[in-house]
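Visitor: Please take a close look at one part of this model, namely the empty spaces that its atoms leave open or enclosed, and go through them slowly for someone in the first year of study.

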Amino acid sequence: MAIEVTDSAPADGADLILTPGALEFIEELHRRFRSTRDERLAARSVRRQEAASTGKLDFLPETADIRSGEWKVAEAPAALQDRRVEMTGPASPAKMAINALNSGAKVWLADLEDACTPTWHNVVDSQVNLYRAARKDLSFTSPEGKEYTLRTDAPLAVVVMRPRGWHLPEKHVLIDGEPAVGALVDFGLHFFANAKQLLDNGQGPYYYLPKMESHLEARLWNDVFSFSEEYVGVPQGSVRATVLIETIPAAFEMEEILYELRDHASGLNAGRWDYLFSMIKVFRDAGKNYLLPDRADVSMTAPFMRAYTELLVKTCHRRGAFAMGGMAAFIPNRREPEITASALEKVKADKTREAGDGFDGSWVAHPDLVPVCRDVFDGVLGNRPNQVDRQREDVSVTAADLLDVSTAEGSITEAGLRSNLYVAVNYVAIWLSGNGAVAIRNLMEDAATAEISRSQVWQQVRNNVVLEDTGETVTEELVSRLLAEETERLRQEVSADMFTGYFEPASRLIGEISLSREYTDFLTLPAYELID
C-alpha cells in the first residue's frame with residue numbers, strides 16, 4: 001500500500017476511523033478518480049477565461065435535450081422527505097455536534113468544509129464524532145463538569161455531511177508522496193465507517209456537495225458514489241446528495257447537475273454567500289457592470305439573486321428534487337435582547353420569503369433560530385413534509401437575468417471597504433487558530449463571507465472604484481492604509497498572544513491576496529499552508 005498518514009492519532013478515537021480497510025479504500029478512490037478531478041479543475045479556468053472575455057455565460061446548447069426532456073431524480077428516502085429546518089455547523093468539537101443533533105432541526109449539515117478549519121485534528125475528530133453519533137454513542141463532559149449527551153425525548157437531526165470541495169488537498173494523507181484529494185478523504189472515511197450502520201438505522205449515507213462548477217463535476221461525484229456502494233457492499237442508490245448551487249457557472253447547469261446525479265440526487269441548495277463570491281470571482285475583470293455594492297447592501301431581493309433562487313426552486317420541483325434555502329447570517333446574542341430581537345425578525349423575514357417562494361426548507365446557524373425557521377415553514381407546509389408539488393411554472397429566467405448584477409441597489413463605500421478588511425482578517429485569524437465558524441458583529445461568518453470580502457477588495461482596486469462616502473479612489477495605497485488601521489483595531493480587541501500568533505499572519509495574507517496582481521482562486525489554499 002502506497003498510502004501514508006503523517007499522524008495516525010491526531011484525536012481521541014482516531015483508531016475507529018483510520019483503519020487499514022478505510023485507508024485502502026481512500027487509496028483506491030484516489031487512484032480511480034484523481035486524474036479526472038484534475039481535469040475538471042483545469043476546465044474551470046478555461047470556462048472562467050471565456051466568461052471574463054465575453055462578459056457573459058449561457059445555458060449549454062449541447063445539453064438542451066436534458067433541459068427539455070422528461071425525467072426525475074430518484075424518490076427521496078423517508079428520512080429525507082421532511083427537511084423544513086436544517087441546522088448547519090462543524091462536527092468538531094463533540095459539544096457542537098451534540099448541540100446540533102439535539103437542536104430540534106430535521107437535518108444537521110455536519111460541515112467538514114467552510115465551517116471547519118481542516119487541521120488534521122479537526123478532520124479526524126469530526127469523523128470520530130460522526131462515527132459515534134451514528135451509533136448513538138456520542139457524549140462530552142466539559143472541563144467544568146457539564147455533561148452533554150444525545151437526547152432521547154425527541155428525534156435527533158438526520159446527518160447530511162459536507163466534505164471539502166474538489167480543489168482542496170489533504171496534506172496529512174499522502175499517496176505516492178502526494179497530498180490526497182481532501183474531498184475523497186472526507187467522503188471516503190465517512191462512507192467506509194458509516195454507510196452500513198446508517199442504513200441499518202433507517203437512514204443512509206447522505207452528503208452535501210460544495211463548490212461545483214459543472215455537470216461534469218457532478219458526474220464525477222456520481223461515479224465515486226456508484227463505485228463506493230459496490231466496494232462497501234450497499235445497494236446502489238444508498239447515497240443521497242444535495243448539491244450547493246453556489247457558483248455562477250453551476251447556476252446555468254442546475255438541470256444537468258441533477259440529471260448526472262439522478263439516482264443519487266436529493267436536491268439543490270441556494271448557497272447564497274459562495275454564490276456572491278463566485279460572481280465576483282468569475283467576472284472580476286469583466287468591467288464595472290459586475291461591481292457589487294457593499295456586502296451589507298446585497299440582499300436576496302436583488303434581481304439577479306431573485307432570478308437564481310426562483311430558477312432553483314422551479315428546476316428542483318420539476319425534477320422531483322428538494323429546493324433548500326440558504327443561510328441567514330444573523331445570529332442571536334443572549335446577553336443583548338435588542339440585538340436578539342432584531343436578528344430573529346430578520347431571520348423570520350428571510351425564511352418567510354423562502355417558504356413563500358416554494359423552498360422545502362432552509363438553513364440556520366444557531367439552535368435558537370430553529371424554532372423561528374420551523375414556525376415559518378410549518379405555516380406554509382402544515383402536515384405536508386415538503387412542497388415539491390408546487391411547480392412554479394410562472395417562473396421564467398434568462399441568462400441575462402442571472403447576470404443582472406448592475407441593477408443591484410446599494411453603494412460602494414469606505415465603510416464597506418473597512419468592513420471587508422476587518423471581517424477578512426478577523427475570520428482568517430480565527431480560522432488559523434482552528435475554528436471555521438466565527439461570530440463577528442452578530443453575523444455568523446464562514447469561509448464564504450471572507451472570500452467575498454477579500455474578493456471585493458481585489459476587484460475594487462482593479463476597477464479604480466470611487467468610494468461614494470469619501471470620494472477617494474480605491475488604490476493599493478488606500479487599501480494598505482485601511483488594512484493597517486483595521487488590523488490595529490483588532491489588536492485592541494484580542495490578547496497579545498492571539499494577535500501575534502494568528503491576527504498578524506492573517507493580516508499579511510489578506511494584504512497579499514487582495515493586492516496581488518494575480519487573483520488567488522481560494523484564500524483557504526494559501527491559508528492551509530499556515531496550519532498544522
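**Pockets and cavities**

Guide: In this predicted model, the lining of the second largest pocket divides by class into 13 nonpolar, six polar and eight charged residues; here Ala, Val, Leu, Ile, Met, Phe, Trp, Tyr, Cys and Pro count as nonpolar, Asp, Glu, Lys and Arg as charged, and the others, including Gly, as polar. Residue numbers start from 1 along each chain as its sequence is written, and side-chain values use heavy atoms, leaving out hydrogens and water. Local features need a pLDDT of at least 70 and side-chain atom pairs count only at 80 or more, while totals for chains, interfaces and linings use all residues.

Rolling a probe the size of a water molecule over the atoms shows where empty space is left. On a 1 Å grid over the protein atoms alone, a cavity is a set of points where a 1.4 Å probe fits but cannot get out, a pocket is an open set with protein on both sides within 12 Å along at least five of seven lines, and lining residues have an atom within 4 Å of a point. Points are joined across faces, edges and corners, and a volume is the space filled by probe spheres set on them.

The second largest pocket, with which we began, has a volume of about 600 Å³. Its lining is made of 27 residues, and those nearest its centre are W273, R295, A296, F330 and L443. Helices α10, α12 (337-357), α15 (414-432) and α16, together with strand β15, each supply at least two residues of this lining (helices, H or I, have at least four residues and strands, E, at least two, as DSSP runs numbered from the N terminus).

The largest pocket holds about 930 Å³ of space. Of the 39 residues that line the largest pocket, M96, I331, A365, H366 and M444 are the closest to its centre. The elements giving two or more residues to this lining are, among the helices, α4 (94-101), α10 (272-282) and α16 (447-462), and, among the strands, β2 (85-90), β3 (107-111), β12 (322-327) and β15 (443-445). By class, the lining of the largest pocket counts 18 nonpolar, nine polar and twelve charged residues. If you compare the two lists of elements, you will find that α10, β15 and α16 appear in both of them.

We can now turn from the open spaces to the enclosed ones. When the whole structure is searched, two cavities of 30 Å³ or more are found. The largest cavity has a volume of about 120 Å³, and among the 14 residues that line it, E113, D114, L168, A447 and T524 lie nearest its centre. Sorted by class, this lining consists of seven nonpolar, two polar and five charged residues. One of the residues near the centre, A447, carries the number at which α16 (447-462) begins, and α16 also contributes to the lining of the largest pocket.

The second largest cavity encloses about 60 Å³ of space. Its lining can be named in full, and consists of K211, E213, E246, T247, D274, F277, S278, K281 and F522. Of these residues, two are nonpolar, two are polar and five are charged. D274, F277, S278 and K281 from this lining have numbers that fall in α10 (272-282), a helix that also gives residues to the lining of the largest pocket and of the second largest pocket.
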